[in-house]
Amino acid sequence: MSLRQITLSPQAQKLAEVVLAPVRRLDAEVEVRLTGKVQADETRLAYITAWAPGRIDELSINFTGVAVQRGESTATLYSPELITAQAELIQAVNAARLQSERGMQQTRVLAERTEQAAREKLRRLGMSSRQIEQIIEHGIPQEHMVLHAPVSGIVTEMNARQGMYVDTGTRLFTIADLSVVWVVLQAFESDLPWIQVGQQVDFMVEALPGETFQGEVVFIDPVVEPRTRTVGVRLNVPNPDQRLKPEMYVTAVQRFQPDEVQEEAPLVIPVSAPLLTGRRAVVYVALPERPGVYMGREVVLGSRAGNHFIVLRGLEEGELVVARGAFKIDSAVQVNAQPSMMTPEPGAGAAHDHDHGPIPDPREIPDDAPTTVMAVPSEFARQLPILDQAIHGIHAALDTADLDRIRAAFQNFGRRLEDVDAASLRGTHAALVWNELAMLLGNDAYLGGEIRGLREAERVMHTLEEHHARLTAVFVSEEAPEAPPVSPPLPAHEEDPHAGHEH
């Protein structure tokens with residue numbers, strides 16, 4: 001019944017530990033479990049640093065965890081460099097005032113520029129505009145500069161100590177605004193198709209049992225963590241009452257309906273049944289009326305839903321599939337040089353062998369001959385050019401780069417394939433080869449009808465053309481090929497008029 005068919009004795013079935021499961025319809029739901037921790041929002045971290053070298057003479061913050069308000073004093077710094085810069089500003093302001101009263105235009109402009117440069121120097125040393133105006137108003141340099149909190153939040157790090165000397169750039173405090181926090185979850189690779197930026201995720205924390213919080217997915221790490229094989233998923237979570245605290249443990253459970261779930265529950269098989277090769281997979285189907293007989297079939301899978309895969313094409317409800325032991329059966333099929341998951345093409349007459357030698361007269365080829373070329377009835381062979389025309393239609397659609405037109409062209413190929421009447425092949429080895437190639441081409445057409453991008457369309461087209469090339473290489477009409485016309489020989493006394501001529 002199939003090139004991928006094999007019969008196992010009862011002992012062989014026992015050794016293979018074959019377990020069967022029915023193809024059934026199920027209300028598929030995907031459950032994704034994620035774990036992670038609360039973290040401070042890195043975009044809401046503020047650092048208080050020394051903008052000038054000096055000595056910390058006073059601290060307003062004495063320990064981490066204290067709450068501060070924006071503009072609140074955090075420390076007092078004594079800096080000789082800062083005192084010198086203030087004196088330069090006072091001198092520049094006085095000079096500018098003097099020149100504005102009696103100086104020439106050129107000297108007035110120069111004095112104003114000197115004042116602006118002195119102001120800018122103090123701003124770069126960390127002084128606010130208000131502090132600078134107070135210095136000008138009093139006319140005396142301030143010995144200490146007060147460092148203010150740039151944001152409201154919680155002090156999460158404290159590196160400053162009273163009396164310590166600091167250099168420019170030394171970090172004194174870290175303040176975290178926890179009104180919005182991050183929740184960083186770890187997702188397994190298999191769960192990534194269900195997680196998208198902009199999605200709302202519900203989660204719980206162990207410290208607050210029974211309460212549910214919600215955050216928005218704002219970032220998915222582009223790299224998989226090699227040790228755990230997980231990917232970081234970051235949520236932005238509002239935290240106005242600051243009940244969520246950094247390093248809290250988080251768990252999230254999300255449930256999704258796969259896209260394939262429409263009005264009718266989809267067909268599903270156990271996750272252990274298919275031998276995966278991407279969206280295509282090989283499944284072994286048991287024949288209840290013939291115990292021990294298993295038939296390999298390439299199917300198209302949809303999403304994984306828990307412990308099941310959704311089947312889009314290739315199986316019917318009620319069929320029995322091998323849920324355990326499929327790999328052992330596939331290995332036995334491979335040993336027999338039959339098409340299998342590991343070797344999709346049969347051992348004899350593989351499609352990639354191009355040196356086939358001269359093609360024999362099709363009438364002299366027996367039906368079951370293990371050769372690349374098979375003689376088939378003319379009523380069957382006459383239908384195959386329809387597939388060529390459908391392939392030309394796909395090429396024309398690809399040239400337009402119109403995805404809707406490309407999908408329609410693949411679907412048209414699928415319909416033309418279904419229209420091929422293979423009744424004349426019944427009972428022959430050619431029928432098995434046709435069933436194999438029609439199965440592969442049908443899956444190509446289905447996947448082409450579902451493409452979402454040009455690159456995907458080109459990949460599917462490449463596979464379809466490979467399968468179609470095998471089809472055209474295998475089947476020839478059993479009608480005798482017409483002999484090419486042969487020119488009559490020249491009489492002995494006549495010579496070739498072109499002989500000896502140089503071109």
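The following paragraphs lead through a predicted model, from its nonpolar core to its salt bridges and a charged patch on its surface. Because the model is predicted, local features need pLDDT of at least 70 and side-chain atom pairs count only at pLDDT 80 or more, while totals for chains, interfaces and linings use all residues. Residues are numbered from 1 along each chain as its sequence is written, and side-chain values use heavy atoms, with hydrogens and water left out.

A nonpolar core is here a set of buried Ala, Val, Leu, Ile, Met, Phe, Trp, Tyr and Cys residues joined through side-chain atoms within 4.5 Å, where buried means under 20% relative accessible area, exposed over 50%, and partly exposed in between (1.4 Å probe, protein chains only). The largest such core has 37 residues, and the members that touch the most others are Phe380, Ile394, Phe413, Trp434, Leu471 and Phe475. At least two residues of this core come from each of β24 (374-376), α6 (378-381), α7 (385-400), α8, α9 and α10 (454-474), with α9 giving the most, 9 residues. These elements are DSSP runs numbered from the N terminus, helices being H or I over at least four residues and strands E over at least two.

The structure also holds 19 salt bridges, each defined by a side-chain nitrogen of Lys or Arg within 4 Å of a carboxyl oxygen of Asp or Glu. In helix α3 (residues 105-124), glutamate 115 and arginine 119 lie 4 residues apart, about one turn of the helix, and their side chains meet at 3.2 Å, N to O. Glutamate 115 is buried at 14% relative accessibility, and arginine 119 is likewise buried, with a relative accessible area of 14%. Helix α3 also contains glutamate 120 and arginine 124, again 4 residues apart, whose closest N and O atoms are 3.3 Å apart in a salt bridge; here arginine 124 is exposed at 61%, whereas glutamate 120 is partly exposed at 30%.

A further salt bridge joins the side chains of arginine 243 and glutamate 211 at 2.5 Å, N to O. Arginine 243 lies in the loop between β16 (230-238) and β17 (249-256) and glutamate 211 in the loop between β14 (200-205) and β15 (213-220), so the pair ties together parts that are 32 residues apart in sequence.

On the surface, Glu379, Asp421, Glu478 and Glu479 gather in a patch of negative charge, a patch being made of residues with over 30% relative accessible area and no salt bridge, with like charges joined within 9 Å and nonpolar side chains (Val, Leu, Ile, Met, Phe, Trp, Tyr) within 5 Å. Aspartate 421 sits in the loop between α8 (403-419) and α9 (429-448), and is partly exposed at 47% relative accessibility.

Methods:
Accessible areas come from the Shrake-Rupley method with a 1.4 Å probe; for residues, only the protein chains shown count as cover. Lys and Arg count as positive and Asp and Glu as negative; His and the chain ends are not counted. The place of a charge is taken as NZ of Lys, CZ of Arg, CG of Asp or CD of Glu.
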